[in-house]
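Biologist: I am new to reading protein models, and I would like a close look at a single part rather than a quick tour. Could you pick one strand and walk me through its surroundings?

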Amino acid sequence: MKKPKGFDRMLQGTRDVRANVSLAAVLDEARQRFADANPNSRARQNEAAASLPGGNTRAVLWYRPFPVSFVSGEGCRVTDLDGHTYVDLVSEYSAGFYGHSDKAISAALVDVIQGGIMLGAPNRYEARLAAAVVDRFPAIERVRFCNSGTEANIMAISAARAITQRSKILAFREGYHGGVLTFAHGGSPLNLPFPFVFADYNDSAGAVALIKEQGDELAAVIVEPMMGGGGCIPATREFLEALRAATKETGALLIFDEVMTSRLDYRALHGAHEIFPDFVTLGKYIGGGASFGAFGGRADLVDRFDPALPGAFSHGGTFNNNILSMAAGLTGLTQVLTQEASRAINSRGDRLREAMNVSLERYGVEGIVIGRGSLMNLHFVRGPVDTPARLDDADPSAIALWHIEMLLRGYYVTPRGMLALSLPFGDAELDGFAAAFDDFLSSNLKILPRRTN
């Protein structure tokens, strides 16, 4: 197995944590080793802070003491400014599904760049990509492109309000639907001022009661069929079926945010569950590595955007059909993400999640890895976890230590415990990561939360 490069020195001091050493002290020591081993990334951070608040322009990529900065990527590996090569389990927070150097996608991008970009007209790729999306995802009869998952959700919500002539939107506590539609920890002051009402995820009875209570004031319900940013919590089939039945009864529209979850089955999770919402939103990996978003669904709803029709909704966006995203997206969806490839990577993800849970059980560590297929999340709490409220008791220092120690072992992971696998991530990488995780647990048993029964 090809091992991560350049980490032997950083691992010194991680073994045999003493019983009288606190978790906070061990975390501080690990962060110091990390800082000492990454002077170039630290210098980049300090220099960037002069022009970028906090030295970055994307909050999710920041962590203490500073983030590593990457210079290249190949397959499922990335290399930082200090020469360390990591196995990548962040995968651009699920957008990097195809890895960093797929040959077919790279060739498509080179071809369109050489033929001219910013053409300012319909091009030869967008209709073919739209046809591929409609063919792949059963709830999408028509589709419109935009530039991000955030934008896709904004357009779907706005369309639902305009079509139904109703105002309110039902969302779920701790959900995330974009930078201005984030409901973690009570929501963000930057959220769009839609009139939201909130229910609890996987609480079928409570959600149905609220939908009926809102009645003809409720325009739509928006939900991820597996919470992504909320901790990779899968929705139960009963819960999704209850939402579908209640919205049909009251005339509200049902929006499935599949920006992340569409990668978890060849036909997305709505296809896997055979539950068909009115709108589906897409983004991230479907752009093939370029910026992308899309909203689609029932033909009678999305056709309201047909500019040839009287009273059509206007939908602008300079980069909606930009040729880089259209070409890369078409190539990825039709040539790279085959049904066999989808099945293989999601099966591999299930095996990794199982291996990590076996290690947690063997060492008696209070933790669980939840998710589905190629997306999962480690939580240092007692399982099972079917609602975000179960995560409130987690000690943030435990996941912070895991994060920094996995970086020190050569595995690039997210600070919140989320793992996203890419198609090039193979059995060798799975075995290596599972072994590194097992080593982390055994090296830190005295300070990690322990099971009491």
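Modeller: Happy to: what follows is a walk around strand β11 and its neighbours, with a brief look at two other parts afterwards. Please keep in mind that this is a predicted model.

Let's start with the strand itself. β11 covers residues 279-283, and five of its five residues are buried. Now look at which way they point. F279, T281 and G283 face one way from β11, whereas V280 and L282 face the other way. This is a pattern worth remembering: in a regular strand the side chains alternate between the two faces of the sheet. In β11, the residues pointing either way are all buried.

Next, who sits beside β11? One partner is strand β10, residues 253-257, which pairs with β11 in the parallel sense over three bridges. To find this pairing on your screen, look for F256, whose bridge partner in β11 is V280. Between these strands comes a helix: β10, helix α8 (residues 268-273) and β11 make a right-handed β-α-β unit.

Another partner is strand β12, residues 293-297, and here the pairing with β11 is antiparallel, over five bridges. A good landmark is L282, which has A294 of β12 as its bridge partner. So β11 takes part in both kinds of pairing, parallel with β10 and antiparallel with β12, which fits the general rule: strands of a sheet pair through backbone hydrogen bonds, either parallel or antiparallel.

For comparison, turn to another group of strands. Three strands form an open sheet in the order β13-β14-β16, with antiparallel pairing. β13 (368-372) and β16 (418-420) stand at the edges with a single partner strand each, so one side of each is left without a neighbour in the sheet. Neighbouring strands of this sheet are turned by 20° against each other on average, direction ignored. Within the sheet, β13 pairs with β14 (residues 375-379) over five bridges, and I370 has N377 of β14 as its bridge partner.

Finally, here is a pair of helices. Helix α4 (residues 126-136) packs against helix α10 (residues 323-336) at an angle of about 35°, with their axes 9 Å apart, and the crossing is left-handed. From α4, the residues in the contact include L129, A132 and V133, and from α10 they include M326, L330 and L333. The residues of this contact divide into six nonpolar, three polar and three charged.

Methods: Residues are numbered from 1 along each chain as its sequence is written. This is a predicted model: local features need pLDDT of at least 70, side-chain atom pairs count only at pLDDT 80 or more; totals for chains, interfaces and linings use all residues. Side-chain values use heavy atoms; hydrogens and water are left out. Buried means under 20% relative accessible area, exposed over 50%, partly exposed in between (1.4 Å probe, protein chains only). Helices (H or I, at least four residues) and strands (E, at least two) are DSSP runs, numbered from the N terminus. Two strands pair if DSSP finds at least two bridges between them. A crossover is right-handed if, with the strands pointing away from the viewer, the path from the first strand over the helix to the second runs clockwise. Axes are lines fitted to C-alpha atoms, for helices over the stretch in contact, and angles run from 0 to 180 degrees between N-to-C directions. A crossing is left-handed if the near helix is turned anticlockwise from the far one by less than a right angle, and right-handed if clockwise. Contact means heavy atoms within 4.5 Å. Ala, Val, Leu, Ile, Met, Phe, Trp, Tyr, Cys and Pro count as nonpolar, Asp, Glu, Lys and Arg as charged, and the others, Gly among them, as polar.
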